[in-house]
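The exercises below are to be worked with the sequence and the coordinates side by side. Each task is followed by a solution that proceeds in steps.

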Amino acid sequence: MDSIVLTVFRIGLLVLLWLFVLVALNAMRKDANAAASGGGAAGRGRKSAGSGGAQGAAPPVAPRRRETARRITVVEGPLNGSHMELATLEEIVLGRSPDCDFVLGDDYASARHARLFRRGSDWFVEDLDSRNGTFVGGYRIDQPERVGVGADIKVGRTTVRLVP
């Protein structure tokens, strides 16, 4: 009798473990679908600006705009109002160095802080191992991130935006 109870208990525990695995896989599938269909930021485990290494909450997924970015503009920082046309460019480097394509004039930006590049009709931003990090929509990025028209990209104390 004891062996039957023990066997039923083992089978029940195995069924519960498989249910847990299936629920976890379903949640991961939903996160991947949400990231692929909209903002690209859901479920990536970004660090918040002031979290000190703790995982921040995923930003809300905004509807993707179909507009194409025509220029990049400084909306906050030392060179507020500066802009650059993007129509013919495939890649630009943002930073403090005069060798950069888009010079920021910000003491908190690294010499070569971030790279903005085009893949098809989409623009992506990538941090170039800067000391202060690059933030998209208030969340620190650690891999190339898709940015749409109107997205805020914070580099040092400067905020730049892609505009139509």
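**Exercise 1.** Starting from V93, trace the bridge partners across the sheet, and establish how the strands concerned are paired.

*Solution.* V93 stands opposite R115 in β6, and R115 in turn has E126 of β7 as its bridge partner. The model is predicted, so that local features need pLDDT of at least 70 and side-chain atom pairs count only at pLDDT 80 or more, while totals for chains, interfaces and linings use all residues. Residues are numbered from 1 along each chain as its sequence is written, and side-chain values use heavy atoms, with hydrogens and water left out.

Next, consider the pairings, where two strands pair if DSSP finds at least two bridges between them, and where strands are DSSP runs of E with at least two residues, helices being runs of H or I with at least four, numbered from the N terminus. β4 and β6 are antiparallel over 4 bridges, and β6 and β7 are antiparallel with 6 bridges. The latter two strands form a hairpin with 2 residues between them, and G120 in its turn has a positive phi of about 70°.

**Exercise 2.** Determine the strand order of the open sheet of 5 strands, and explain why one side of β5 and of β10 is left without a neighbour in the sheet.

*Solution.* The order is β5-β4-β6-β7-β10, with mixed pairing. Because β5 (102-103) and β10 (145-147) stand at the edges, each has a single partner strand, and one side of each is left without a neighbour in the sheet. For β5, 2 bridges join this strand to β4, and the two run parallel; F102 in β5 is the bridge partner of L94.

**Exercise 3.** Which residues touch the most other members of the largest nonpolar core, and which strands each supply at least two of its residues?

*Solution.* A nonpolar core is a set of buried Ala, Val, Leu, Ile, Met, Phe, Trp, Tyr and Cys residues joined through side-chain atoms within 4.5 Å, and buried means under 20% relative accessible area with a 1.4 Å probe, protein chains only. Of the 22 residues in this core, I72, F102, L116, V125, V147 and L162 touch the most other members. The strands that each supply at least two residues are β2, β4, β6, β7, β11 and β12. In β6, 5 of the 6 residues are buried. Finally, F102 is in contact (heavy atoms within 4.5 Å) with residues including I72, V74, M84, I92, L94 and V160, its neighbours within four places in sequence being left aside.

Definitions and conventions. Buried means under 20% relative accessible area, exposed over 50%, partly exposed in between (1.4 Å probe, protein chains only).
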